[in-house]
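I opened the notebook today to look up how aromatic rings are arranged in this model, and where charged side chains sit relative to them.

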Amino acid sequence: MNFKHKKKFGQNFLTNQDEVLNKIIEVSSVNANDSILEIGPGEGALTGYLLDIVNDVICVEIDKELEKILLKKYNTRKNFKLIMQDILKVDFDKEISKKVKVVANIPYYITSPIINKLIENRKYVEEIYIMVQKEVAERICSKKGKNRSILTLSVEYFGEAEYLFTIPKEYFTPVPKVDSAFMSIKLYKDNRYLDRVDEKTFFRFVKAAFSNKRKNIVNNLKTLGYSREIIEKNLEKLYLSNNLRAENLSIDNFIDLIILFKNGDVNV
Ligand SMILES: C[S@@+](CC[C@H](N)C(=O)[O-])C[C@H]1O[C@@H](n2cnc3c(N)ncnc32)[C@H](O)[C@@H]1O
């Protein structure tokens, strides 16, 4: 079959890549009881592996041209469900409405919106195993230093991210410009950070802290209207140096710091 890959849909497929597909199945600890949500099945390379193992696979694909190919391959499989829609428009209450594990080689051009959508629907999404651009995985999963960004913190607020393995670009058809990585996000079952600092306050603070990556945390937090003295006093209470940049702070440092500002004499 001569399928013409569409760049606008981020179509780089893992066709005939048993080694990578087996590894995805292994590290995602896919088991018979799982319900899987696969975003962007493409021609169904990963889908076939999933269907052989799990209870059910819900696939969401945007490209109408792939519908026929997917139905021809898997329509007779009782555990296969195909939703032809933009994943960003899927109403999880209506279309998913059960606990799912996400296992997918997602379209990279909407990596952050997809992660946000899954986090928003976390009452249905238990664990996320996704392939993304290598640099993006490095940023999201970074525990320390320069790679840390607002994106890192916005995932850490809801769950724990882990870099699993690298997939060189040559494994894909057509070959893209960048290497890929497979990573996981295990969403917290409790609201460990949300219960301590609400979402709006957390992001306001984190955005300010990263507003100028070359500046230290004191200068960046001043943009929220705090005086240097108050910022330095609160950092000192947490044994954090004034010279630190936002990238040097852990999520726990951020949460503690925000609480100090909230409970101090300044309102956040
Ligand atoms: C990187 S390819 C992966 C294909 C397949 N999983 C594989 O590994 O061979 C991304 C897939 O996502 C689909 N896609 C792109 N944008 C989408 C969207 N907004 N909603 C759902 N699927 C989308 C593409 O058509 C394509 O099939």
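I first fixed the rule for pairing: I take rings of Phe, Tyr and Trp (its six-membered ring) as a pair if their centres lie within 6.5 Å, and I call planes under 30 degrees apart stacked, those over 60 edge-to-face and the rest tilted. I also note that I am working with a predicted model.

Entry on the count. Applying this rule, I arrive at 11 aromatic pairs. One that I looked up is Phe202 with Phe203, where the ring centres are 5.1 Å apart and the planes stand at 85°, so I enter the pair as edge-to-face. I then checked accessibility, where buried means under 20% relative accessible area: Phe202 is at 0% and therefore counts as buried, and Phe203, with a relative accessible area of 17%, is buried too.

Entry on a stacked pair. I looked up Phe210 and Phe254, whose rings are 6.3 Å apart centre to centre with 25° between the planes, and I record them as stacked. This pair links distant parts of the chain, since Phe210 lies in the loop between helix H8 (199-209) and helix H9 (217-221), while Phe254 belongs to helix H11 (residues 251-263), 44 residues apart. I find both Phe210 and Phe254 buried.

Entry on a cluster. Following the ring pairs, I see that they join Tyr157, Phe158, Phe202 and Phe203 into a cluster.

Entry on charges over rings. I find Lys23 over the face of Phe165, at 4.5 Å from the ring centre, and I find Arg192 over the face of Tyr188, at 3.8 Å from the ring centre.

Methods. Residues are numbered from 1 along each chain as its sequence is written. This is a predicted model: local features need pLDDT of at least 70, side-chain atom pairs count only at pLDDT 80 or more; totals for chains, interfaces and linings use all residues. Side-chain values use heavy atoms; hydrogens and water are left out. Buried means under 20% relative accessible area, exposed over 50%, partly exposed in between (1.4 Å probe, protein chains only). Helices (H or I, at least four residues) and strands (E, at least two) are DSSP runs, numbered from the N terminus. A charge sits over a ring if NZ of Lys or CZ of Arg is within 6 Å of the ring centre and within 35 degrees of the ring normal.
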